[in-house]
Amino acid sequence: MADMFFGLMALALLGAIGFGAFVAIRAGLTRLYGNTDNPLLLNRIALILKGSLTLMLCLLAIIPLTLVQDLASDRERLYRDVVRDIGQAWGEEQVLAGPVLVLPYRYSVLTEETSADGSRKQRRSSIEDELLILPEHLKMKASLNHDFRDRGIYHSLVYQSGVEGQAEFSLNLPLISNLEAYEFNRARLVFGLSSNQAIDGVDNFVVSGDGLSSHGSLMSGTGLAQEALSRGFHQPVQLGQNTAPFKVDFKLRLRGSQGIGFLPLGEDSRFELNADWPHPSFNGILPEAREISANGFNANWHISHLSRNYPQIMRASHPMDLMEARAHTQLFEPVTHYGKVERAIKYGLLFVALTFILLLMFELGQGQALSALQYLLVGAAMTLFYLLLLALSEHLSFGQAFMIAAAVPVLSIPAYVASATQSYVRGSIMLAMLLGLYGLLYSILRLEDYALLMGSTLLVTVLLVLMYLTRRQGKCLQE
């Protein structure tokens, strides 16, 4: 409200200054050329006055356009907050990490202590730690089905996913100084997720191999502090000193929003992602193959362990950044209606100025003069278009909102011109001009990659037309 108040005050102040400047220019021109009867010179004076008026009205239009842009930014921030809240309730952006074998062990540490009498003695203490053993081979396939969740007038893009895969492990234990024992009976397989509440179910988590057995059911939590593995679930397993290579087959269902990512924890990692959303954005490690169509996309990754900086076996007490390398896919709407509205407002001053230029071209071509008040009302209709576009786009598709909002200046301004000039022909000419102008604006908003080219072409075209229409105005100085 404060921004709106100060904006209106600034608008009134600039309006007063502009009106004063216009009156001063008019008075100065009247004093210099008030006694002339040369019609060409009189036309020249009128053109200077009308050009000055147009410039002042364009400067005044900056303030209401800025207010509408601020309002659009506030509405977009509210929309982003709602999307984030829905994502937290439904399921956040998921990053899949696992499975990882966690093997507890104990090692001894010798410390030297000095007693009160000055004698020294060594003390042996036992310290517990855990090894994180990553798989040799990791395969994962995920399928995403998108949906929307609504809150009020806002909706958020979410998805449901089915994930299945296989991980293969070899128990090649490292040499550890002062090792006391591995606690094979306390080993567990950990699967990391971004959000536990988004797990719809684990349909399969089977461990198979010689000298190995799983015991107990799946349990929530991982017991680890690493960012990528701090949330998820685990399965206790019974290992042995001579456990042969084994594999883990898993299948789970989960929810998420915004995107999904995979961590290449295997020496050889392969991921496949299929989705029915046609607008993916790949970042991190890019897929080696991808296909995108109007019905969705699929992508495949084949990632070597050489693409990351952490080893296959590490200590839990020395955490490493497992998130440094990941295959990530963002699901996004290419341009939200708020983005399109803001882009339209950025062209607002240009199109207000072009409308005034159309009026000048109309006057030059048709020999019909319009008053300053009529110019002001035309500018008000132009700026009102952007407020209507913002309001309607929250309830309708952007195309429908644009058509309805554009109908206000496209229909009202030609009708106003026709009534002011008592000529339906002139009103029809203005209608054709505005239809072409708003058609170009809609094309610019639709064609993102060519927006600058089209806008520049439009400016050059208008400039050339103005140069053609004013080509004989300089003769009045000679006459």
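Two strands are said to pair when DSSP finds at least two bridges between them, and this idea is needed at once, since in this predicted model M140 stands opposite F271 in strand β13. That couple belongs to a longer run of contacts along two strands: eight bridges join β3, residues 137-151, to β13, residues 268-275, and these two strands run parallel. A little further along, A142 has L273 of β13 as its bridge partner.

Before following these strands further, it helps to view the whole chain. The protein chain has nine helices and 18 strands, and of its 479 residues 43% are buried. Among contacts in the chain with a separation of 6 or more, 76% are between residues 24 or more positions apart. The accessible surface comes to about 24500 Å², and carbon and sulfur atoms account for 56% of that area.

Strands β3 and β13 both take part in an open sheet of seven strands, whose order is β7-β11-β4-β3-β13-β16-β15 and whose pairing is mixed. At its edges are β7, residues 199-208, and β15, residues 289-293, each of which pairs on one side only. On average, neighbouring strands of this sheet are turned by 10° against each other, with direction ignored. In general, the strands of a sheet pair through backbone hydrogen bonds, and they may do so in either the parallel or the antiparallel sense.

Strand β13 shows both senses, for besides its parallel pairing with β3 it is joined by eight bridges to β16, residues 296-304, in an antiparallel arrangement. In that second pairing, the bridge partner of D268 is S304 in β16. In a regular strand the side chains alternate between the two faces of the sheet. The two faces of β13 can be listed separately: S269, F271, L273 and A275 make up the covered face, whereas D268, R270, E272 and N274 make up the uncovered one. F271, the residue opposite M140, is thus named on the covered face, and D268, the partner of S304, on the uncovered one.

Strand β1, residues 94-114, has several pairing partners of its own. With β2, residues 120-133, β1 pairs in the antiparallel sense over 14 bridges, and within this pairing V109 has S125 as its bridge partner. With β6, residues 188-192, the pairing is again antiparallel and runs over four bridges, with V100 standing opposite V190. Three bridges join β1 to β5, also in the antiparallel sense, and here Y107 is matched with L179. The pairing of β1 with β12, by contrast, is parallel and has three bridges, with V95 partnered by G261.

A few places in the backbone deserve a careful look. Most residues other than glycine have a negative phi, and most peptide bonds are trans. Within β1 lies P99, and the peptide bond joining G98 and P99 is cis, with omega at about 0°. N178, which is not a glycine, has a positive phi of about 60°, and its place is the loop between β4, residues 154-169, and β5, residues 179-182. Q258 likewise has a positive phi, near 70°, and sits in the loop between β11, residues 246-257, and β12, residues 259-262. Because its relative accessibility is 33%, Q258 counts as partly exposed.

The helices come into view with the largest nonpolar core, which has 53 residues; F351, F385, Y386, L389, F402, Y438 and L441 touch the most other members. Helices α2, α3, α4, α5, α6 and α7 each supply at least two residues of this core, and α2 gives the most, with 12 residues. Setting aside its neighbours within four places in sequence, L389 is in contact with V341, A344, F398, A401, F402 and A405. A second, separate core of 48 residues includes L138, I176, V207 and F250.

Helix α7, residues 424-446, can be checked for its length: its 23 residues should span 33 Å at 1.5 Å a residue, and its end C-alpha atoms are 32 Å apart, which agrees. The buried residues of α7 are R426, G427, M430, L434, L437, Y438, L441, Y442, I444 and L445. An α-helix has 3.6 residues a turn, so residues three or four places apart point the same way. Two of these buried residues, Y438 and L441, are also among those that touch the most other members of the largest nonpolar core.

Methods: Residues are numbered from 1 along each chain as its sequence is written. This is a predicted model: local features need pLDDT of at least 70, side-chain atom pairs count only at pLDDT 80 or more; totals for chains, interfaces and linings use all residues. Side-chain values use heavy atoms; hydrogens and water are left out. Buried means under 20% relative accessible area, exposed over 50%, partly exposed in between (1.4 Å probe, protein chains only). Contact means heavy atoms within 4.5 Å. Accessible areas come from the Shrake-Rupley method with a 1.4 Å probe; for residues, only the protein chains shown count as cover. Axes are lines fitted to C-alpha atoms, for helices over the stretch in contact, and angles run from 0 to 180 degrees between N-to-C directions. The expected span of a helix is 1.5 Å times one less than its number of residues. A nonpolar core is a set of buried Ala, Val, Leu, Ile, Met, Phe, Trp, Tyr and Cys residues joined through side-chain atoms within 4.5 Å.
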